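Trainee: I have just opened this structure and would like a friendly tour. Could you take me through it?

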Amino acid sequence: MSNVNYNVLLIEDEEYKCNHMKQALTNNAIKNIVHKETAVDALQYLADENPKPDLIILDMQFPMRYGDGPSTRCGLFVLEELNRLEYNIPVIMCSFGCYDIPKHITDVIGYILFDYGRDFTDTIAAYLEKLEEMKDAGM
């Protein structure tokens with residue numbers, strides 16, 4: 001992998017999972033990590049941020065806004081919004097369970113089934129390599 005330093009948006013409400021994913025990213029020399037805990041904050045960040053992040057790591061169950069409890073629909077809601085707004089940002093989904101993604105959602109490049117005892121450094125490395133190949137191919 002080259003020394004390209006990707007900008008990553010991590011959407012995750014659980015501190016342990018967030019720290020675990022940040023560690024896997026920093027182990028792969030990713031330094032530019034922005035963390036958001038709610039769907040509203042993440043989508044507002046994307047609306048305001050230019051340029052957009054190179055990659056999103058998306059929890060699938062988190063609050064819509066601060067004060068709300070986690071919702072099983074928030075991850076799919078964010079994916080639908082990314083698609084509707086045509087951001088075309090590659091997404092790695094990360095969750096404890098499996099989710100069916102609608103066929104019209106094409107930005108998902110991978111899925112991490114989260115496990116507390118697992119190190120995701122190699123998994124992230126493989127997805128970063130895939131992302132680099134996509135960028136090289138003009139995707």
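Mentor: Gladly, and one definition helps: buried means under 20% relative accessible area, exposed over 50%, and partly exposed in between (1.4 Å probe, protein chains only). Helices (H or I, at least four residues) and strands (E, at least two) are DSSP runs, numbered from the N terminus. This is a predicted model, where local features need pLDDT of at least 70, side-chain atom pairs count only at pLDDT 80 or more, and totals for chains, interfaces and linings use all residues. Residues are numbered from 1 along each chain as its sequence is written, and side-chain values use heavy atoms, leaving out hydrogens and water.

Trainee: Which residues of helix α2 are buried?

Mentor: Helix α2 spans residues 39–48. Seen down its axis, the buried residues fall within an arc of 155 degrees (from the directions from the axis to the C-beta atoms), so they line one face of the helix. They are Ala39, Ala42, Leu43, Tyr45 and Leu46.

Trainee: Is Glu12 buried or exposed?

Mentor: Glu12 sits in the loop between β1 and α1 (15–26). Its relative accessibility is 2%, so Glu12 counts as buried.

Trainee: Which element gives the largest share of the largest nonpolar core?

Mentor: A nonpolar core is a set of buried Ala, Val, Leu, Ile, Met, Phe, Trp, Tyr and Cys residues joined through side-chain atoms within 4.5 Å. Of the 21 residues in the largest one, Met21, Leu55, Ile57, Ile112 and Ile124 touch the most other members. The largest share, five residues, comes from α4.
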